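Q: I have a protein model open and I'm not sure how to read it. Can you walk me through some features?

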Amino acid sequence: PLAQKIYRANKAQASAFLDDILGDLTGLPLQMAKYVSSMIWTSLSKLVNLIILLINFFIIPFATFYILKDSNRIKVKCLELIPPSQRDAWVVVIRKIDTVLSSFIRGQLAVSLILTSFYSIGLLITATPLGLVIALVAGLANIIPYFGLLIGLLPALILSVLQFADWQHPLGVLATFTIAQVLEGTLISPKIVGGGVGLHPVLAILSVMVGGKLFGFYGIILAVPMAAVIKVFLTLAIDKYLKPTP
């Protein structure tokens, strides 16, 4: 009876109210279906990612072991794919590329150890909390160019500010990382890495700049080894071009 009185009192308003309710109820199943499907899809995606992670966790060590175990056989099979008439020439090229890339990896490790020592000395002088740990992590992370600076500077600054609450100690931390990065970019890496792979220091710096500009973060990582590989091919091409014809 109360509902009938309200309905008669303002029929138009009640009808509009009921239409709104029915409209919301009509769209509710569709919204529920979208929500349920989204939830199911998200759950399946996470499950698939977890399965892939577990598969990689177990497969990669076995695959690495067997690849290393059969590396000589794999090399022989790959060489058999090269025509016999060109095989010796390509072996020379591949060996030069292998030498260049090995020199690059050894050079990056050497640079990382030098920066670890520099960071350790600087952070010990500035009495930064956990200075040795930060120096070790930042130095080894510098295997990837500039990555050590990104993950080492901010924690060192925060801990220094929290410990001393002044500006002198954070300034010392900033000076340590700045000087180390300047030396690494202009002297250490060009001399050690660039010299090891046969690149002039200027070319090593330019390759990093061009790689970062064209391909971003991955370009910075791969710039020097790719430039060294390109140099191998260019050197061979120039030698062949300048070789006197019989």
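What follows is a short chat that goes from the whole chain down to single residues.

Q: What kind of model is this?
A: It's a predicted model, so keep that in mind as we go.

Q: How many helices and strands does the chain have?
A: Start by tallying the secondary structure. Here you get eight helices and zero strands. Walk along from the N terminus and the elements read α-α-α-α-α-α-α-α.

Q: What share of the residues count as buried?
A: The idea is to ask how much of each residue a probe can reach; buried means under 20% relative accessible area. In this chain of 246 residues, 25% count as buried.

Q: And what does the chain expose, and which atoms supply it?
A: The exposed area comes to about 17500 Å². Carbon and sulfur atoms supply 75% of that area.

Q: How do I read contacts along the sequence?
A: Check how far apart the partners sit in the sequence. Take the contacts between residues at least 6 apart: 62% of them join residues at least 24 apart.

Q: Can we zoom in on one residue? Is T176 buried or exposed?
A: Look up its accessibility, then compare it with the cut-off. T176, found in helix α7, has 8% relative accessibility. Because buried means under 20%, T176 counts as buried.

Q: Which residues is T176 in contact with?
A: Skip the neighbours within four places in sequence, then list what's left. For T176 that gives F118, Y119, G122, L123 and T126. Some of those sit in α4, which spans 84-125; try finding that helix on screen.

Q: What about backbone angles? Which phi does A127 have?
A: Here you look at the sign of phi, and at whether the residue is a glycine. A127 has a positive phi of about 55°, although it is not a glycine. Its place is in the loop between α4 (84-125) and α5 (131-141). A127 is partly exposed, with a relative accessible area of 40%.

Q: Where does A165 lie?
A: Find the loop between α6 (147-164) and α7 (168-196), and you'll find A165. A165 is not a glycine either, and its phi is positive, about 55°. With 68% relative accessibility, A165 counts as exposed, because exposed means over 50%.

Q: What does the side chain of D166 make a polar contact with?
A: For polar contacts, look at the atoms that pair up and the distance. The side chain of D166 pairs with the side chain of H169 at 2.9 Å. D166 is placed in the loop between α6 and α7, and at 27% relative accessibility it counts as partly exposed.

Technical notes. Residues are numbered from 1 along each chain as its sequence is written. This is a predicted model: local features need pLDDT of at least 70, side-chain atom pairs count only at pLDDT 80 or more; totals for chains, interfaces and linings use all residues. Side-chain values use heavy atoms; hydrogens and water are left out. Helices (H or I, at least four residues) and strands (E, at least two) are DSSP runs, numbered from the N terminus. Buried means under 20% relative accessible area, exposed over 50%, partly exposed in between (1.4 Å probe, protein chains only). Contact means heavy atoms within 4.5 Å. Accessible areas come from the Shrake-Rupley method with a 1.4 Å probe; for residues, only the protein chains shown count as cover. A polar contact is a pair of N or O atoms within 3.5 Å; within protein, one must be able to donate a hydrogen and the other to accept it, and residues adjacent in sequence count only if both atoms are side-chain atoms.
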